[in-house]
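Ready for some practice in reading a protein model? Work through each exercise with the structure open beside you, and try each task before you look at the solution.

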Amino acid sequence: MELVIAAAIGILTASGVWLILRPRTYQLVIGLTILSYAVNLFIFSMGRLRVNASPVLNGHGPVDPTAYTDPVPQALVLTAIVIGFATTALFLVVLIVLRGLTGSDHVDGREG
Amino acid sequence: MWHSGLLVVLVALPFAGAVLASLLSPNARNAEAWLAGTVTAVALLITATAYTSVTDGEVIRHSVQWVPTLGLTITLRMDGFAWLFAVLITGIGLLIVIYARYYMSPQDPIGRFYAYLLAFMGSMLGLVLSGNLILLAIFWELTSIFSFLLIGYWHHNQSARDGARMALTITGAGGLCLLVGMVMLGQMAGSYDLDKVLAAGDVIRSHHLYVPTLLLILAGALTKSAQFPFHFWLPNAMTAPTPVSAYLHSATMVKAGVFLLTRFWPVLSGTPEWFTLVGIAGLTTLLLGAYFAIFQHDMKGLLAYSTISHLGLITSLLSFGSPLSAVAAIFHMLNHATFKASLFMAVGIIDHETGTRDMRRLSGLFSALPYTATLAMVASASMAGVPLLNGFLSKEMFFAEAIEEHQYSLLDRAAPYVATIAGAFAVAYSIRFIHTVFFGPKAKDLPQEPHEPQRWMRRPVELLVILCVIVGIVPAMSIGPFLHTGVIAVLGERTPEYSLSIWHGFNIPMLMSVVAMIGGGLLYWRLRKYLQVCEEGPPYFRRLKGQRIFERILITVSWRWARTVESVLATRKLQPQMRLLVVSALLAGVWAMWGSGDVLPELSLHGLDPVLGVLWAIGAFCAVAAAYQAKFHRLAALILMSGTGIATCLSFVWLSAPDLAVTQLLVEIVTTVLILLGLRWLPKRSPEISKRIDGTTRLRRHRDFALAVAAGLGTAVLAYFMMLTSPPSSVGDFYLNNAYSQGGGTNVVNVILVDFRGFDTMGEIVVLAIVGLTVFSLLRRFRPAEDNKGLPYQQKEQEEFDSVRRDREQGETLQDYLLVPSVIMRWMFPVIILLAAYLFVRGHDMPGGGFAAGITMAIGFLLQYLAGGTRWVEDRLRILPVRWIGTGLLIAALTGAGSFVFGYPFLTSYFQYTEIPYIGKMPTASALLFDLGVFSLVVGATVLILIAIAHQTLRIRSRAVRASGDGGHG
């Protein structure tokens, strides 16, 4: 299971890195989004992969932490997802405005 | 008994006055002057009443805890010496406030002037009353900043801006050195408390860090007091309004440097290093300043160099290290402030009345300004050191000290000669100042006909001149006790016997004075003709201008070097920068893993469910395909990207993270819609271009591909390693244990977000709000590129179809677009709202929460836009996203602040369970209210972003319709 997730993180990172090195703004947006999937999965996996052990407490009695998954990476990733959306939106708008201003969708605002 | 809390009032009052002054109408000259005058008078009164508590070496202290763990307390401390300065600052300040009322022209924005002046006064009071080294450094920098603002007060004037910048650069840099010096001093003494530092003199002088500390503190003090080689900023600061020059650059701020040297004199002085460094600076400044002053044509320039020279005199006295010379130094600080402030104000009067300060043009003003002339003559006689005036007394003390042997060296032996020559120069420039301006033939071509000024413009000068005379004639009876109070505070038990009488018999200092008088007189007589015609600046030194050197250094460092570094290291292209980032990240990763001795764990598919495997086979394929298609097939790339997103989302479900899955799914929807809306504004791109790729492009692609593979491989290995090691004990256990007992919720992730780490979430939603508003404002002025202006070709095609068919109206096809789904979407609206409410309410205990609910709600709105179009929705629904954002922020902040009411820190939560009919037990934690804020803000920000983009199409269309309506059908 770990191997699959690690490989997935790797492939997503590679796709994202490839895209953020490209010259078109749209490629950059897609690249950043894919990269953020990879990063979110990576941070999430810091809490180790657990099946059937969600961090929702079962009853109100004393808690055995080993029965649950680590909630901290999850809280971090939850924040990261929302912030990721905000930055994607901001970047998308910047690229639209850049395109309107310069007429080019090159990351430098001009070809070449 | 004087209450020590009044010290806080004393420092805070001018700042409060400054705020008030800046709020008044800029033209209310009288109101402003009354305000500033009252504030200053009250400060003076407070200072005056403190006198009985500081005599005989007593000290008033007042401490407020600031950062106790770092040993930082705001300690205000007034001893006799600080008291003397406080009187100087508030007393001369009051005179300046009155004088400035008449000096400043009605066109000047007077509110700003008084605000800066008062703020400066507060900083200066804070500086002299600081009982803590760090606090002292802070007030020190504040005086630099307000001095900068005051010099640049007439900021439409280029030279004022240059002078202000130079003063700030030099005194500010000195201030930074001082801060470091103060930290080192505090470390050596073991405390930042001034009293403790003053008591630790022996430790400090024998410490191995003594010399560097001394150098740093001297860098601060000498820059501030305009001592050689940092003297050149002061003449350039004369572009300030004259009241400012009189106040800051003669009486108070430049005295801060010598104040500091005197303050730490008991701790730092007496070593050979002190004597050499301070002595060279002081004596050089004394001599050069006096020499330069002779050759100035601007009256203020002359006074500026004279100030530099007199400060050099004080510095020299402090360098000698004997208690008697310290007495003389303190005495001269007071005397110099009195006569120099009055001289500056007199120059201000002359400038005000004649319109010029150029001594080559001014002549024979005595008949027009007899009163001012007399005052100026007395004051400049004091500056020259004429008997029966206060300047004479301290100068005699200086001469007497210069003869004494302190630390045997060439410098020490040269001191008496330097002193006498500088004395002669002082006589020469003082005579020139009076003789050229007030005597000789009457000047003809003055810009204005001079008259005696208003009474209240003269009063401050009169008062100071009278003080010069009184102190000069009966020193022991007038200034004596006050001076003693100041001296005893600095010297303590080392206070020597000294006599303030004006006659000490025929002795060597007397002889030196006589030589200086005669020599100075003769010198002026010889130079008289030359001075009328010569260039500005002293012979031989004219070319060597500190200002020019300073500017050259500034240009070299901030322009040439910066440009060189930029051209070598920087690029304006994004791609090389990104590549650099990726390569550094790779190298950092390799460096960290290299040689750690870890062996890659065996690759095993243990515990793998084939479904997860298939899921990620699809997810990975989607990611790679999206990367491949993003250039030419944007829509395909977007769909593929979403495929990866879904795979991620399902993995979250699989791996026990329901909250993440919910949020990811919802954000996925919004992101996709967002990018779909953006696609319309991108240029068409056809695959034909790709056939024309050259070698370098191909090479770049191969390199990028290699980088991408390396990055992917590295991350995968790292992730795999980490996942197979057993986790260290995590802070997560604490949250799991306490989520219910302290946060009142069973969904630990949500409890962390809204309760334990609520402050982080607060920051996060603020970011979201800022992004929303930024997007909105960026798009307000959006102009599309040329090829995006018309309708998209799909719409054109549909319109064409309508126009060809006889049975169809124009636009009918477009109207029926997505007919069935749109009906469903409309009907779904209440259901989605209910879903949002459900997600919100259960958030504290079950997966859900404010974020998820907010985005769901936003999607609800969004679907209406998709179904009915922007117009249709906005005819029926008034969504005010900015209000949602504002309400959200307010709720979140108020909930957080609510805990203040109960005496808890910000965002402390409170919870209990309430029985609600039909629904059952509901957690009603204050965190729920906070979550409501999060919800509202997320709705607002998301909707604002999406609507802002969606509206662009509408704007373009209406513009297109308008354009075609104008000329189309004809």
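Is B:Ser656 buried or exposed? Keep in mind as you begin that this is a predicted model.

**Exercise 1. Settle the burial of B:Ser656 and describe its backbone.**

Solution. Begin with the place: B:Ser656 sits in the loop between α28 (634–654) and α29 (658–679) of chain B. Next, count the neighbours: there are 21 other C-beta atoms within 10 Å. The cut-off for buried is 20 or more, so B:Ser656 is buried. Last, look at the backbone: phi of B:Ser656 is near 60 degrees, a positive value in a residue other than glycine. That deserves a note because most residues other than glycine have a negative phi.

**Exercise 2. Give B:Leu388 and B:Thr571 their burial classes.**

Solution. Take B:Leu388 to start with. This residue belongs to the loop between α18 (370–384) and α19 (390–403) of chain B, and its phi is positive too, near 75 degrees. B:Leu388 has 14 C-beta neighbours inside 10 Å, so it counts as partly exposed.

Now turn to B:Thr571, in the loop between α25 (546–569) and α26 (574–593) of chain B. Exposed means 12 or fewer neighbours, and B:Thr571 has 12 inside 10 Å, so it counts as exposed. Leaving aside neighbours within four places in sequence, B:Thr571 is in contact with B:Pro576 and B:Gln577.

**Exercise 3. Find what surrounds B:Thr307.**

Solution. Start from its helix: B:Thr307 is part of α16 (residues 299–320) of chain B. With 29 other C-beta atoms within 10 Å, B:Thr307 is buried. Then list its partners, not counting residues up to four places away in sequence: B:Leu234, B:His249, B:Ser250, B:Val254 and B:Lys340. Finish with one of these pairs: B:Thr307 and B:Lys340 are 33 residues apart along the chain, yet their C-alpha atoms are separated by 7.6 Å.

**Exercise 4. Test the length of helix α7 of chain B.**

Solution. Helix α7 covers residues 158–189 and has 32 residues. At 1.5 Å a residue, the helix should span 46 Å. Its end C-alpha atoms are 45 Å apart, so the model agrees with the expected value. Just after the helix comes B:Gly190, whose phi is positive, near 85 degrees.

**Exercise 5. Locate a cis peptide bond in chain B.**

Solution. Look at the bond from B:Phe228 to B:Pro229: it is cis, with omega near 5 degrees. B:Pro229 is found in the loop between α10 (210–224) and α11 (233–236) of chain B. As background, most peptide bonds are trans.

**Exercise 6. Describe chain A.**

Solution. Count the elements: chain A has three helices and zero strands, giving the pattern α-α-α along the sequence. Of its 112 residues, 64% count as buried. Helix α1 (residues 2–20) reaches 27 Å from its first C-alpha to its last, close to the 27 Å expected. In this helix, 18 of the 19 residues are buried.

**Exercise 7. Describe how the chains meet and where the nonpolar cores lie.**

Solution. First, the contact: 98 residues come from chain B and 77 from chain A. On the side of chain B, helix α30 (residues 695–724) gives the most, with 15 residues. The residues on that side divide into 64 nonpolar, 22 polar and 12 charged.

Then, the cores: the largest nonpolar core has 203 residues, and B:Ala346 and B:Ala379 are among those with the most contacts inside it. Among the contacts of B:Ala346 beyond four places in sequence are B:Ala379 and B:Val461. A second, separate core of 133 residues includes A:Val17, A:Val29, A:Leu57 and B:Ala927.

**Exercise 8. Decide where in chain B to read with care.**

Solution. Begin with the average: chain B has a mean pLDDT of 86, and 95% of the residues score at least 70. Next, compare elements: confidence is highest in α10, at 94, and lowest in strand β4 (residues 920–923), at a mean of 61. Then check residues 966–970 of chain B, where pLDDT stays under 50 and the model has zero contacts beyond four places in sequence. Where pLDDT is low, the predicted coordinates should not be read in detail. For the complex, the predictor gives an ipTM of 0.95 and a pTM of 0.68.

How values were computed. Residues numbered from 1 in each chain as written. Chains lettered and ligands numbered in written order. Predicted model: local features only at pLDDT ≥ 70, side-chain atom pairs only at ≥ 80, totals over all residues. Contact = placed C-beta atoms within 7 Å. Helix = DSSP H or I, 4+ residues; strand = E, 2+ residues; numbered from the N terminus. Nonpolar A, V, L, I, M, F, W, Y, C, P; charged D, E, K, R; others polar. Core = buried A, V, L, I, M, F, W, Y, C linked by C-beta atoms within 7 Å. pLDDT = per-residue confidence, 0-100. Expected span 1.5 Å × (residues − 1).
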